[in-house]
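The following exercises accompany the sequence and the model shown below. Each task is followed by a solution that proceeds step by step.

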Amino acid sequence: MAIEKKTCFSAICGENGFIVYDTESKDCVIIDPGFTWQNFDRFINEKGLKAPLAALLTHGHADHVGGLNKLRELFPDMKVVIGELDAGRLMNPELNFSSHFGFSLTFGEADLLLREKKQRLEFGTLLFDAYFTPGHAAGHYIFALPQTNPLVVFTGDLIFEGSVGRTDFYDGDMDALVDSISNTIYCFPDDTVLLSGHGDSTSVGVERRTNPFVRKV
């Protein structure tokens, strides 16, 4: 088994989506499908991967789910997974902010709602640990790959290289965001790779020592 990952960048909003796949079984899972859904479809076909088993959503803002409708058309058996407290965004253009971009989108109901502080997910040969990390959004989750060494974590809009997610939205909470970073992200090993929803990758050790918004010695 060899677990690999591919960044699928969407120029609209500069968002990073990802495909996680097993090179042997050809199982794959999508994380945060941005508006440029073609990048996901193209890579899946190029690598000869099976249809995605799931789309894991760190949260329900439009820039992170914009390609979901088209991907659901292409892969009707793909399961959509999101935190319970963010599920309503998929049905509401105001809450998912697509109306702020000048159009109103809804994305249908999710297939699985995350409710636990930590929850193990299994899709074919792929394992994920979902961690509840509110702050940027009330129902925000991050997804760790326990089969990788060093550990890889998809952080959505919780933390970025040298920055953190916005908390000035209606359900943003800076105190909750600091707590999520301090007591979840910074509890991973220092060599943990952090793949964010925007910008470049970073590591727990770098951010713990140097992030200007949340440091933990």
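**Exercise 1. The protein as a whole**

How many Å² does the protein expose, and what percentage of this do carbon and sulfur atoms supply? Determine also how compact the chain is.

Solution. The model examined here is a predicted one.

Step 1. The protein exposes about 9300 Å², and 50% of this area is supplied by carbon and sulfur atoms.

Step 2. Turning to the interior, 54% of the 217 residues count as buried, where buried means under 20% relative accessible area.

Step 3. The secondary structure consists of five helices and 14 strands. The radius of gyration is 16 Å, close to the 17 Å that the globule rule gives for 217 residues, so the protein is as compact as a globular protein of that length.

Step 4. The C-alpha trace spans about 45 × 40 × 30 Å along the principal axes. Of the contacts with a separation of 6 or more, 57% are between residues 24 or more positions apart.

**Exercise 2. The open sheet**

State in what order the six strands of the open sheet are arranged, and identify which strands lie at its edges.

Solution.

Step 1. The order is β1-β2-β3-β4-β5-β6, with mixed pairing.

Step 2. β1 and β6 (112–114) are the edge strands, since each pairs on one side only. On average, neighbouring strands of this sheet are turned by 20° against each other, direction ignored.

Step 3. The pairing can be followed from strand to strand. β1 and β2 run antiparallel and are joined by eight bridges; within this pair, E4 has Y21 of β2 as its bridge partner. β2 and β3 are likewise antiparallel, with four bridges, and Y21 stands opposite C28 in β3. β3 and β4 (residues 54–56), by contrast, run parallel and are joined by two bridges, with I31 opposite L56 in β4.

Step 4. Two hairpins occur along this path. The hairpin of β1 and β2 has four residues between the strands, and C13 takes a positive phi near 75° there. The hairpin of β2 and β3 has five residues between the strands, and K26 takes a positive phi near 70°.

**Exercise 3. Two strands and their faces**

Decide which residues of β2 and of β7 are covered.

Solution.

Step 1. In a regular strand the side chains alternate between the two faces of the sheet.

Step 2. In β2, E15, G17, I19 and Y21 point one way, whereas N16, F18, V20 and D22 point the other way. Eight of the eight residues of β2 are buried.

Step 3. In β7 (residues 118–123), Q119, L121 and F123 form a covered face, while K118, R120 and E122 form an uncovered one.

Step 4. β7 pairs with β8 (residues 126–132) in the antiparallel sense over six bridges, and K118 has Y131 of β8 as its bridge partner. These two strands form a hairpin with two residues between them, and G124 in the turn has a positive phi of about 60°.

**Exercise 4. Helix α1 against the sheet**

Which residues of α1 are buried, and why do they lie on the same side of the helix?

Solution.

Step 1. The buried residues of α1 (residues 38–47) are F40, D41, F43 and I44. They cover an arc of only 165° around the axis, which puts them on the same side of α1.

Step 2. The exposed residues N45 and E46 are carried by the face turned away from the buried side.

Step 3. The cover over the buried residues includes β1 (3–10), β2 (15–22), β3 (28–31) and α3 (68–74). α1 lies across β1, β2 and β3, and runs at about 25° to β2.

Step 4. Just after α1, G48 takes a positive phi of about 65°.

**Exercise 5. Backbone details in loops**

Locate D32, F97 and P150, and describe the backbone at each place.

Solution.

Step 1. D32 is in the loop between β3 and α1. Its phi is near 55°, a positive value in a residue other than glycine, and D32 is buried, with a relative accessible area of 2%.

Step 2. F97 is in the loop between β5 (79–83) and β6. F97 is not a glycine, yet has a positive phi of about 70°; its relative accessible area is 11%, and F97 is buried.

Step 3. P150 is in the loop between β9 (141–145) and β10 (152–156). The peptide bond that joins N149 and P150 is cis, with omega of about 5°.

How values were computed. Residues numbered from 1 in each chain as written. Predicted model: local features only at pLDDT ≥ 70, side-chain atom pairs only at ≥ 80, totals over all residues. Heavy atoms only, no water. Buried < 20%, exposed > 50% of the residue type's maximum accessible area, 1.4 Å probe, protein only. Pairing = 2+ DSSP bridges. Arc of directions from axis to C-beta. Contact = heavy atoms within 4.5 Å. Axes fitted to C-alpha atoms, helices over the stretch in contact; angles between N-to-C directions. Rg over C-alpha atoms; globule rule 2.2 N^0.38 Å. Areas by Shrake-Rupley, 256 points an atom, 1.4 Å probe, with all protein chains shown as cover.
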